[in-house]
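Reader: I'm new to this one. Could you show it to me and take a few basic questions?

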Amino acid sequence: METEMNASWNMVSEIELVYRSKVKPSKRPLIDTAASAYKFLLSHWDENNIELAEQSVALLLNRANRVMGMYRMSTGGITGTVVDPRLLFTAALKLNANAIILSHNHPSGNLTPSQQDKAMTDKIAMGGKILDIKLVDHLIITTEGYYSFGDEGLIG
């Protein structure tokens, strides 16, 4: 029996958690308002697609609200894109992030959140509570401005 267990143990992958940043924490961008998040996101957004197709991007933050990483989650069509919470939280856990700012663009320029936008925000916020990763905000981005779920009190 012991030989069988030793043999089966060799057939299981070992998991190692590692995070190495090439950027000192003090040099990472600070996101302390929705406006600073919008400015940072817009400067890194694919300007060729912002008015063409919906894209979703997450900022992963440390406890001091400094950007540890940016995760480009998806590119969709004219009216929608898919966000897989499992992949988002995999990235956040890998970075040991304390907080997330979700964002996506509306190619139409309309800043009004859809019911799907609200439902996704609630789903990510609930998942984050379980994992102790706070959803700080969700921004809808256009070339002319942004909508902040956080500023509007819609982050649960």
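Author: Sure, here are the terms and how they apply. This is a predicted model, where local features need pLDDT of at least 70, side-chain atom pairs count only at pLDDT 80 or more, and totals for chains, interfaces and linings use all residues. Residues are numbered from 1 along each chain as its sequence is written, and side-chain values use heavy atoms, with hydrogens and water left out.

Reader: Why is S103 called buried?

Author: Buried means under 20% relative accessible area (exposed is over 50%, partly exposed in between; 1.4 Å probe, protein chains only). S103 has 2% relative accessibility, so S103 counts as buried.

Reader: What is S103 in contact with?

Author: Contact means heavy atoms within 4.5 Å. Leaving aside neighbours within four places in sequence, S103 is in contact with L41, W45, Q55, S56, V57, H138, L139 and I141.

Reader: What lies 2.8 Å from a polar atom of the S103 side chain?

Author: That's the backbone oxygen of V57.

Reader: What makes a nonpolar core, and which residues have the most contacts inside the largest one?

Author: A nonpolar core is a set of buried Ala, Val, Leu, Ile, Met, Phe, Trp, Tyr and Cys residues joined through side-chain atoms within 4.5 Å. The largest has 18 residues, and L60, L88, I100, L102 and I124 have the most contacts inside it. Another core, of 16 residues, lies apart from that one, with I50, V57, L61 and I141 among its members.

Reader: And what does I124 touch?

Author: Not counting residues up to four places away in sequence, I124 touches P85, L88, F89, L102 and L135.

Conventions
A polar contact is a pair of N or O atoms within 3.5 Å; within protein, one must be able to donate a hydrogen and the other to accept it, and residues adjacent in sequence count only if both atoms are side-chain atoms.
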